[in-house]
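Colleague: Before we discuss any labels, please show me the model, and then let me ask what stands behind each term.

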Amino acid sequence: MCVVCFVRALVHVFKIYLTAHYTYNFRGWPVAFRWDDVRAAGGGSHGALTCAAAAAGVWLLRGAALGEDGPARPPRGARNQAQCLLRQIRELPGQLASYALAHSLGRWLVYPGSMFLMTRALLPLLQQGQERLVERYQGRRAKLVACDGNEIDTMFMDRRQKPGSHGRGRHLVICCEGNAGFYEMGCLAAPLEAGYSVLGWNHPGFGSSTGAPFPQHDANAMDVVVKYALHRLHFPPAHVVVYGWSIGGFTATWATMTYPELGALVLDATFDDLVPLALKVMPHSWKGLVVRTVREHFNLNVAEQLCLYPGPVLLLRRTQDEVVSTSGPLRPLPAGDLEGNRGNELLLRLLQHRYPAVMACEGRAVVTRWLRAGGQAQEAAFCARHRVDDERCLALLRSYRARREQEQGAEDAWGPHGLAFPWLVGQDLSPRRRRQLALFLARKHLKNVEATHCCPLEPEEFQLPWRLEPVPLQ
């Protein structure tokens, strides 16, 4: 009996020590995975960066967002060089002001979770969250080193040995937290309780992760997280789902854009672009400075990156979301006030890219009206009024895909997720049929959640995106 008591006491002491070691001594932890371990192992379709490229970080979309229609013309003659120099001199005060705003007030507004005072205030909750993940879900914490040298704090919960009745544990959900979220108490709770394997990570500058949470550092961190999932945890790319909540939609869409073979993308309460939301909360007289600061330092161009991913996508729109709405000031929104939700623009951009013929004129107009419907009853009534036939729409999409595959050949037509986008289906349809197909596609790509922005997502609300399955064999 004394031996049993001694063992239990020893286990309790070890847990206390382990938790303290987790919280206060993360910098002393050994590195579990580095950004260049892929190159050292000689594997993977996406090799690690070279040492020379690592200083600049991973590739980001920049040109289109900054208004650059094409490559800049080289200066011709001394006059053009002088004009270029004068232009640079004129823009220097604006650049300095933008830099100062971005690295002071701007950073705290965009990423409040990186503030030291917030981290200290949340420390007890973060510690409790770590204890829960380790004890209840057998979480494994690991330190990853990104190409910029930042140390990224991660937690992995493995369900592959007990995947559940639906095999969800064989899928890994990589969770990208919001601007005040941490994996210890963030959005990973929904897929975790739903039975999936889950990999959580903290933004640079959040919790125990080092660095500063600017878009380049965020993308560098996401790059090493994805490589870790594929090459150290050994999940097949088709079984990896990227889940982004709020501002985490930026890193989620960056990952799927850069690694298009990843299985699926789920975006929850996110937005298309940061500029409209930034202009909403800043003084109108600051408009020029705000736009420049966002474009140069916080270019969270989620919609652009989303359109470059060819796989299944699901958008979760919070019907009472007061944060990603441009309808009015920051306040709780009344039920049904959905017109200003930036998730609307995200859906429209995605469908216009993937199905341009369907979304021309009639299609865009009817989807825009559908997005204003408040509640499932109004949505169902709207679709019933337009007589949307799901089976007919599915048959139309399958027929188009089969015809394109026969025309182009399997090698040319198929990408990592099948026939590459955009699809020109709907060119020969009547306006009425185009409206029906547009509504069908909108319903498959966007689901409403009756919740506010920061309300935890219920496990049953987390689901994998719709994909066009082949015709079942008879």
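Colleague: How many salt bridges does a search of the whole structure find?

Modeller: The search finds 13, where a salt bridge is a side-chain nitrogen of Lys or Arg within 4 Å of a carboxyl oxygen of Asp or Glu. This is a predicted model, in which local features need pLDDT of at least 70 and side-chain atom pairs count only at pLDDT 80 or more, while totals for chains, interfaces and linings use all residues. Residues are numbered from 1 along each chain as its sequence is written, and side-chain values use heavy atoms, with hydrogens and water left out.

Colleague: What makes Asp 272 and Arg 342 a salt bridge?

Modeller: Their side chains meet at 3.0 Å, N to O, and the cut-off is 4 Å. Asp 272 sits in the loop between β7 (264–268) and α9 (274–281) and Arg 342 in helix α12 (residues 342–354), so the pair ties together parts 70 residues apart in sequence; helices (H or I, at least four residues) and strands (E, at least two) are DSSP runs, numbered from the N terminus.

Colleague: Why do Asp 272 and Arg 342 count as they do, buried or exposed?

Modeller: Buried means under 20% relative accessible area, exposed over 50%, and partly exposed in between, with a 1.4 Å probe and protein chains only. Asp 272 has 7%, so it counts as buried, and Arg 342, at 15%, is therefore buried too.

Colleague: How do you know that Arg 232 and Asp 37 meet in a salt bridge?

Modeller: The N to O value for Arg 232 and Asp 37 is 3.8 Å, which lies within the limit of 4 Å. Arg 232, in the loop between α7 (215–231) and β6 (240–245), and Asp 37, in helix α2 (residues 37–41), are 195 residues apart. Arg 232 is partly exposed because its relative accessibility is 38%, and Asp 37 is partly exposed because its value is 24%.

Colleague: Why are α13 and α17 called parallel, perpendicular or oblique to each other?

Modeller: The axes, lines fitted to C-alpha atoms over the stretch in contact, with angles from 0 to 180 degrees between N-to-C directions, come within 8 Å and cross at roughly 45 degrees for α13 (residues 362–371) and α17 (residues 431–445). Angles under 35 degrees count as roughly parallel, over 145 as roughly antiparallel, 65 to 115 as roughly perpendicular and the rest as oblique, so α13 and α17 are oblique.
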